[in-house]
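The following exercises ask the reader to describe a protein chain step by step. Each task is followed by a worked solution.

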Amino acid sequence: MSMLKVLYEDNHIIAVVKPAGVLTQADGSGEKCLMDIVKDYLKEKYKKPGQVFLGLVHRLDKPVEGIVLFGKTSKGAGRLSEQFRNHTIQKTYHAIVSGKPKINKGQIREKINKISFFAESFSEKSDKELLEAIKKATKTRTAELAWEVVKSNDKFSLLRILPKTGRFHQIRVQLANMGNPILGDEKYAPDFIARQTKKIWQDKNSIALAATGIIFKTATDNKEINLEIPLPEKWKILI
């Protein structure tokens with residue numbers, strides 16, 4: 001069997017740990033993705049011939065590690081999808097960010113879309129018209145999360161994050177907008193911060209963001225499952 005780390009499995013649902021640098025779902029590049037790895041695991045474990053069903057119900061960005069749920073059956077996928085739609089699944093993330101927030105905990109509620117307005121201010125002027133056209137074509141939605149500082153050495157801070165919505169790159173955008181971009185996230189960090197932290201965070205395949213906890217209910221008996229994973233080892237030397 002593969003080196004897949006399985007946290008939970010029943011007849012309808014499987015929860016696994018996605019390593020940083022691995023796609024959740026295939027993107028056409030031919031690169032092995034987490035779905036392929038889980039399907040291989042199920043095929044081998046249960047000696048399944050032919051295609052293996054696996055329902056995708058949520059994703060993690062490629063450079064983010066953490067817990068991912070899949071439906072092993074259509075019923076499992078449907079029940080999980082319903083919980084995500086109703087916001088009854090509770091997700092916990094941790095991140096190491098640049099600097100120290102001005103307060104120890106807070107909430108962020110703002111309108112964002114797939115083109116961050118934070119990133120806009122760092123775009124080349126020649127791209128402005130294109131950027132505006134893309135923004136108009138991209139639905140703007142409210143994004144909301146709660147956060148708190150777990151510990152800080154002023155240079156970097158470890159945050160615990162509870163997203164209340166699940167928007168595209170939400171945590172990455174909102175923490176950058178707050179002035180505390182995630183370590184290693186050059187996409188949303190302003191250039192001067194990215195340059196400062198590049199020597200410290202040298203892993204191009206990951207950023208300092210991890211999905212460390214999730215609470216959901218099973219597909220048949222509504223039993224509550226609470227899963228957690230520890231923080232990545234390499235974070236310890238930073239904070």
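The exercises proceed from the whole chain to single residues.

The model is predicted, so local features need pLDDT of at least 70 and side-chain atom pairs count only at pLDDT 80 or more, while totals for chains, interfaces and linings use all residues. Residues are numbered from 1 along each chain as its sequence is written, and side-chain values use heavy atoms, with hydrogens and water left out.

**Exercise 1. Describe the chain as a whole.**

Solution.
- Step 1. The secondary structure comprises six helices and 10 strands. Helices (H or I, at least four residues) and strands (E, at least two) are DSSP runs, numbered from the N terminus.
- Step 2. The chain has 239 residues, of which 48% count as buried. Buried means under 20% relative accessible area, exposed over 50%, and partly exposed in between (1.4 Å probe, protein chains only).
- Step 3. The chain exposes about 13,200 Å², and carbon and sulfur atoms supply 49% of this area. Accessible areas come from the Shrake-Rupley method with a 1.4 Å probe; for residues, only the protein chains shown count as cover.
- Step 4. Among contacts between residues at least 6 apart in sequence, 67% join residues at least 24 apart. Contact means heavy atoms within 4.5 Å.

**Exercise 2. Identify the elements and residues that build the largest nonpolar core.**

Solution.
- Step 1. A nonpolar core is a set of buried Ala, Val, Leu, Ile, Met, Phe, Trp, Tyr and Cys residues joined through side-chain atoms within 4.5 Å.
- Step 2. The largest nonpolar core holds 41 residues, and those touching the most other members are Val38, Phe70, Ile161, Ile182 and Leu209.
- Step 3. Elements giving two or more residues to this core include α1 (34-45), β4 (65-71), β8 (156-163) and β9 (209-217). The largest share, five residues, comes from α1.
- Step 4. Another core, of 17 residues, lies apart from this one; Val17, Ile67, Ala77 and Leu227 are among its members.
- Step 5. Ile161 illustrates the contacts of a core member: leaving aside neighbours within four places in sequence, Ile161 is in contact with residues including Tyr93, Leu145, Trp147, Ile171, Leu175 and Leu209.

**Exercise 3. Which parts of the chain does the aromatic pair tie together?**

Solution.
- Step 1. A search of the whole structure finds one aromatic pair. Rings of Phe, Tyr and Trp (its six-membered ring) pair if their centres lie within 6.5 Å; planes under 30 degrees apart count as stacked, over 60 as edge-to-face and the rest as tilted.
- Step 2. The partners are Tyr8 and Phe216, with 5.8 Å centre to centre and 75 degrees between the planes, and the pair is edge-to-face.
- Step 3. Tyr8 lies in strand β1 (residues 6-9) and Phe216 in strand β9, so the pair ties together parts that are 208 residues apart in sequence.
- Step 4. Tyr8 counts as buried because its relative accessibility is 17%; Phe216, at 1%, also counts as buried.

**Exercise 4. Follow the chain from α5 to Gly179, and then to Ser98.**

Solution.
- Step 1. α5 is mostly covered, with seven of its eight residues buried. Among them are Gln170, Arg172 and Leu175.
- Step 2. After α5 comes Gly179, with a positive phi near 100 degrees. Gly179 is in the loop between α5 and α6 (191-198).
- Step 3. Gly179 counts as partly exposed because its relative accessibility is 45%.
- Step 4. The C-alpha atoms of Gly179 and Val97 are separated by 9.3 Å, although these residues are 82 residues apart along the chain.
- Step 5. Ser98 belongs to strand β5 (residues 90-98) and touches Gly179, as well as residues including Lys155, Asn180 and Thr197. Ser98 counts as buried because its relative accessibility is 10%.

**Exercise 5. Are Lys47 and Asp154 buried or exposed?**

Solution.
- Step 1. Lys47 lies in the loop between α1 and β3 (55-56). Lys47 is not a glycine, yet its phi is positive, near 50 degrees.
- Step 2. Lys47 is exposed because its relative accessible area is 70%.
- Step 3. Asp154 is in the loop between β7 and β8. Asp154 has a positive phi of about 75 degrees, although this residue is not a glycine.
- Step 4. Asp154 is exposed because its relative accessible area is 52%.
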